[in-house]
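I opened this notebook to record what I looked up, one place at a time. My plan is to go from a pair of helices to a sheet, and then to a single residue.

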Amino acid sequence: MAVRVVLLGFGNVGKAFLRLLLDKEELLLTRYDLKVQVVGLATRSRGVVADPKGLDLHACLAASSLTGLGVTELGDAQALLAYLDGHCDAVLEAINASHSDGEPALTLLQSALSMSSPAHAITASKPPVAFGYRRLSELAAAHGRRFLFESSVMDGVPVFSLLRQLPGACVCRVSGILNSTTNLILTRMDSMGCSLEEAVAFAQEQGIAERDPSDDLDGKDAAMKICCLSTVAFRRHLDPAQVSKDSIRGITLSQVRAATARGNALKMVCEAELVDDEVRAAVSLRELPLTDPLCGLKGASAAVTVETDVLGPVTVTSTNPTTLDTAYGLLQALKLSNKASLVAIQHSVAAGARLRNDVQEELLSSCYAFLGKDGVADFGMVDQVIREQCESKKDVPPLNVEAFLSFKGRPWPPERQGHPRLAANNSLIRDQLGAKLDFMVFLYRKLDEDDDGCQRKNRGASVFQLSPDVALMSERDGELTGKQAFARNANCLKLEVLVKLEGGDEKSFLLEEEKLRRLAEGLPELPLQFKEMPDSSSSDAEHFVKMRARNLGGWSTWSEEVVTSSIARQQGADNAQRALEQAMERRVPEDLMKVLKDVRDIEFDDKTLVSEATELLETLQAVQTKVGEAMLSREPERLQHVLGEAHKVALPGLQKAEALLHHLQTVCKNLDTAKGIDALRAALRDGHEARLPAAILQRAVQRLGTREAAQQGLEMAMEAARVPVLRAALDTAKDMHLPSEEGARSLLEAITHSENLLQAGPQKGRGGTSRAGSEQAPISA
Ligand SMILES: NC(=O)c1ccc[n+]([C@@H]2O[C@H](COP(=O)([O-])OP(=O)(O)OC[C@H]3O[C@@H](n4cnc5c(N)ncnc54)[C@H](OP(=O)(O)O)[C@@H]3O)[C@@H](O)[C@H]2O)c1
């Protein structure tokens, strides 16, 4: 099996890796059937080259510049990844990444995992792990790839593999000496009796310490490494900034010697443990007893002790590692990533459910799978592929995969490694089985990681819908909706909707593939207008609607029938709109109310119509109520005012109110104009009969009383037959048209006349008459 690799960084580690590949080429091929092809190589300043068929590794190792060694030259590492997208299985990164943020390695690894054909991402550097573990491992999981970093701590020592392979054990503490530079410095000071500066210079001469050894001396390198270990040991991300760090910058020879005199040794110890579900980590300068295994570490060696709840502490040591150790770590990861195919399958198969738009016409269902040889993920592991859904056909034997799986039209299994497409054609299956399948189940073995980080082979299953599933349909806004018909990745080619009127016509609507695909991109709502469906005369009529879908495997069964009267109601919408408009014109509240009630579920083109009608109804009803109340009150003025309002809103049916107003006004007028007592009495009687308000009648009764009193006054004055009394009574009765008014006036005139005569007689006889005497001597009429 060929595995195509891109190597980013061609320094100490990169070169050691190529040398290792050349050394182990034959062994890898014969023992593991693994042929590693380096298809791309990137440096920062010495060229970036690619050859999809594989670069000449000898030539690359021999040349000082890579220029001219590939079939093409690229600008930088990113361009190399873009160029080799689809032509590489793993990207190995061995560039000197920044210790403050892991760049540019972090971004390059991310790109490797995000290519349209994602590759496994393997790093020799610790910063991408310390700063980007979560991001990179999630990305890897999402694409069915792996993010591996065995060389990032203790070079090629398989310390991460150890942590992942402690089945059932819980890691509670990880500790050790992870920075070989400080270990070399401290042991050198002790053994050679030299100063810190001299020991640092020695480490630099040996190529172990950097020109600027700050990261080693200040514990930063060790902190980053303990973070990398924590991610796998405790399955928790730990930021290097969270690790407390000691520095050995101020250490003196006398301090080192004093520790030795006490039978101890100074060591930079890294440790991380799980306390209350939190990882606590530190890099600290410790004085350890010489009996401690860590004190046995000399020079640039490193060690890790793993403590679990079941084993005694397990210590792994790396003695004076070289770049070969690191290169071997890369190779291990490469081999592991190949094993990871099983995990890839799981993700790929699951991803198949998202590929429906990608499905070609002749395929019902498809998925991508990473299938290789190596006994872990090849064709044979997909051991049972198909099941029949229908209970009654349970005894249908599992099918031979090769009979119905194809790879883009080519025979199965595909020759090409990588991500072949698994495809099932239901019509082929139907021909073989004589039965239509509703779904297909892939059973496969897969590698799962347990909570404790251990990998296990488990069985996995993925279900693929082969038959369209038409489960739900509803109607809205004058259209049918059948979302579920498209939801199950069953690659519908046609959709039929049958609409039948209760006891009457039926009509079928066929939606073709092109439209369905377009619909499937958004929310597939069927653009089937209610007005095109069998016409119903009554708005209560019921329509029966059902739907089925077709793919290469044939038609699905019909969906359950939806019974709805909303189609009829909607169809009657035009009539209803007209009825509403007419009712608004007629302005009869009861009528308008009824029509509004009838049309309440109908959606009109003119959305404002119903609200306008409702508003009009409220106005008319308010005025109508006022008219009724005014009629009951029988107050002519109020009734007249309200009728004015009713005319303004053109409320119909006002005749009765108007007649009443006229009658009341007439009666009131009579009351006001009735002359004398009898006429007023008659008018009052009419007023009572007309049930005029009491206040109006009261006023008339008072007027009648006044008139009767004046009449009595007249009568009494006539009896008294005296001029002043008669005059006063007549003044009171003025304009009352009283029965005795005329008599009283005649009597007054007669008395006045006779008095005049009497006065004229004595004047002639006795020279005048006395005025006082006439007032004191009443004359009998
Ligand atoms: N050396 C070890 O024993 C050891 C052990 C464990 C882990 N590691 C880690 O492995 C990584 C590599 O170490 P090393 O010793 O091989 O370093 P190195 O000798 O300095 O080589 C670094 C390589 O990366 C290239 N490079 C830098 N930036 C690049 C970019 N942006 N694009 C493409 N290439 C780029 C360099 O290009 P140029 O050639 O143009 O400079 C060089 O080829 C480091 O992260 C280191 O911490 C090393």
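**Entry 1: a pair of helices**

I note that H22 and H24 are roughly parallel to each other, because their angle of about 20° falls under 35 degrees, the limit for that word. The model I am reading is a predicted one, and in it helix H22 covers residues 655–673 while helix H24 covers residues 694–720, with their axes 10 Å apart. I also looked up the handedness, and H22 passes H24 in a left-handed crossing.

Which residues meet where H22 packs against H24? From H22 I listed Cys-668, Leu-671 and Asp-672, and these meet Ile-696, Leu-697, Ala-700 and Arg-703 in H24. Sorting this contact by class, I find five nonpolar residues, two charged ones and no polar ones.

**Entry 2: the sheet**

I turned next to an open sheet of six strands, whose order is E9-E11-E10-E8-E12-E13 and whose pairing is mixed. Strand E9 (244–245) and strand E13 (314–318) stand at the edges with a single partner strand each, so one side of each is left without a neighbour in the sheet. I reminded myself that strands of a sheet pair through backbone hydrogen bonds, either parallel or antiparallel.

Inside this sheet I followed strand E8 (residues 171–177), which pairs with strand E10 (residues 264–275) in the antiparallel sense over four bridges; here Arg-173 has Glu-273 in E10 as its bridge partner. Helix H11 (residues 253–261) packs on the sheet, where it touches E10 and E11, and its direction makes about 85° with that of E10. Another helix, H7 (residues 180–192), lies across E8, E10 and strand E11 (278–289), and runs at about 150° to E10.

At E13, I looked up how strand E12 (residues 302–308) is paired with it, and found the antiparallel sense over five bridges. Ala-302 has Ser-318 in E13 as its bridge partner, and a hairpin of five residues joins E12 to E13.

**Entry 3: one leucine**

Is Leu-592 buried or exposed? This residue lies in helix H19 (residues 589–598), and I count Leu-592 as buried because its relative accessible area is 0%, where the cut-off for that word is under 20%. Leaving aside neighbours within four places in sequence, I found Leu-592 in contact with Leu-580, Ala-583, Met-584, Ala-613, Leu-616, Leu-617 and Leu-620. I also noted Ala-579, which is 13 residues from Leu-592 along the chain, and the C-alpha atoms of the two are separated by 9.1 Å.

Conventions:
Residues are numbered from 1 along each chain as its sequence is written. This is a predicted model: local features need pLDDT of at least 70, side-chain atom pairs count only at pLDDT 80 or more; totals for chains, interfaces and linings use all residues. Side-chain values use heavy atoms; hydrogens and water are left out. Two strands pair if DSSP finds at least two bridges between them. Helices (H or I, at least four residues) and strands (E, at least two) are DSSP runs, numbered from the N terminus. Contact means heavy atoms within 4.5 Å. Axes are lines fitted to C-alpha atoms, for helices over the stretch in contact, and angles run from 0 to 180 degrees between N-to-C directions. Angles under 35 degrees count as roughly parallel, over 145 as roughly antiparallel, 65 to 115 as roughly perpendicular and the rest as oblique. A crossing is left-handed if the near helix is turned anticlockwise from the far one by less than a right angle, and right-handed if clockwise. Ala, Val, Leu, Ile, Met, Phe, Trp, Tyr, Cys and Pro count as nonpolar, Asp, Glu, Lys and Arg as charged, and the others, Gly among them, as polar. Buried means under 20% relative accessible area, exposed over 50%, partly exposed in between (1.4 Å probe, protein chains only).
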